[in-house]
Structure formats: structure tokens, C-alpha cells
Amino acid sequence: MSEAMQPGLLIVYSGPSGVGKGTILAPYLAAHPETVLSVSVTTRAPRPGERDGIDYSFITRERFDELAAGGGLLEYAEYSGNCYGTPRAAVETQLAAGRNVLLEIEVQGAMKVRRTFPQAVFIFVLPPSYETLRERLTGRNTETAEVVERRLAAARLELSYAAQYDYVIVNDDADKARAQLDAIICASKCRTNYMQTMIDKVCEFHEYA
């Protein structure tokens, strides 16, 4: 039985705004086409340059509530007045086809996924220090001081969840952080709970005449 016949791995990836999650993740996804980034649904309006169905699926609050009530979302949360969620059917289809699915989501959503997909691998990206995170957010010069403070307040909550993840990557060096992400995902695909189908296959002993 080849690795391609294994089910996909669900990867939950979180960290506060400004920690550099995208900088770490983009090269990994480019080098690993077998891993797909889940497209979240959101009730917020598109930002300049965002594409519907690629960056997010932009839907109405009414449609979002319908999906949530009907069990169509694997997880969902409200953040800064807007709702975000992960479509369940799309994730389950990709996993069944043997593709790894990566969810880049907030900590509240991640904890919901942990309850329904305990076999997933959970990765949290930390800044080297809280002050470094503050410097990165203020250094953007793209948001008002009030918005930065709101993001920092949200970051304090998110950082308090880091110990509930399986792995932590400290983003003090982008190249090292990228290598750690690759190593974590590679090792996670060798875990016994992921390899159970393979174990069962090998342990099917047959008697031959």
C-alpha cells in the first residue's frame, strides 16, 4: 500500500496577527502540492485584491447562519465583528482523496476542531517576544494605533492558547521556521494514528496453500 493511498492529514495552523504565519507557510505550500489550504467562508467584505473562492468565499450573514445551524461548518467564530468558518464538506472530500488540508484559523475555531478531529496536528506560531510582535504590527504603518491595540489585545488571548497545541514554532528566523514546519508535518504523517490503515493492512496475515 503506497503513501498516496493513505487518507489526508488535517493540519490546524494558528498564531497572532503579525507573527509571520504567511511568510512561513507560502513556501511550504508551493513545494508541497499534496497539501491544500482550506478556503474559509466569511461575512466580511472583500479587501482590495482578494478573490472570491480563492482567498475567501464571501457570503451573507444569513447564509453563514444557515451553514452553522445545519452542521455545514467544521468550525466557526466571530472576530472583529465578522464571522469566519471552515466548510466541512470541502475538507472531508479533500482528506478522503488523500490530500493534506491545512486550516489557518483562529484559536477558538482550532479548539472546536480538536474536539471533532483529535487526530489532526495542531501547530502554533509564536513571536520571539511580545515586544517583537508589537514592533512588527506598528512597523507596518498601515493601521491606526487603535487598530494595532485591538490586534495586540486579541494576540494576548491567542497566545494564552499556545500550550494547547501539539507543536510550537518560534518565528525568530524565517528559514528555520519553514524547516520546522516541514519537519513537523513530515513527522506527523508517521504517527501511529495516521498510519493505522497501513498497520492494519500489513497485519492482515494470510495463509497460503
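**A tour of the largest pocket and an open sheet**

By class, 15 nonpolar, twelve polar and 13 charged residues make up the lining of the largest pocket. The model is a predicted one.

Begin by selecting Lys21, Arg47, Tyr56, Glu104 and Glu106: among the 40 residues that line the largest pocket, these lie nearest its centre. The volume of this pocket is about 1300 Å³.

Next, colour the secondary-structure elements that contribute to the lining. Helix 1 (21-31), strand 5 (73-79), strand 6 (82-87), helix 4 (107-116) and helix 6 (145-159) each provide at least two lining residues. Which element gives the most to the lining of the largest pocket? Select helix 6, which gives the most, with five residues.

From the pocket, turn to the sheet. Display strands 4, 3, 6 and 5 in that order, which is their order in an open sheet of four strands with mixed pairing. The edges are formed by strand 4 (57-58) and strand 5, each of which pairs on one side only. Strand 5 is also one of the elements that supply at least two residues to the pocket lining.

Now focus on strand 3 (residues 41-42), which pairs with strand 4 in the parallel sense over two bridges. Select valine 41 and then its bridge partner in strand 4, serine 57.

Finally, add helix 2 (residues 61-69), which packs on the sheet and touches strand 3, strand 5 and strand 6. Viewed against strand 5, the direction of helix 2 makes an angle of about 135° with that of the strand.

Technical notes
Residues numbered from 1 in each chain as written. Predicted model: local features only at pLDDT ≥ 70, side-chain atom pairs only at ≥ 80, totals over all residues. Heavy atoms only, no water. 1 Å grid on protein atoms, 1.4 Å probe; cavity = no way out; pocket = protein on both sides within 12 Å on 5 of 7 lines; lining within 4 Å. Points joined across faces, edges and corners; volume = space filled by probe spheres on them. Nonpolar A, V, L, I, M, F, W, Y, C, P; charged D, E, K, R; others polar. Pairing = 2+ DSSP bridges. Contact = heavy atoms within 4.5 Å. Axes fitted to C-alpha atoms, helices over the stretch in contact; angles between N-to-C directions.
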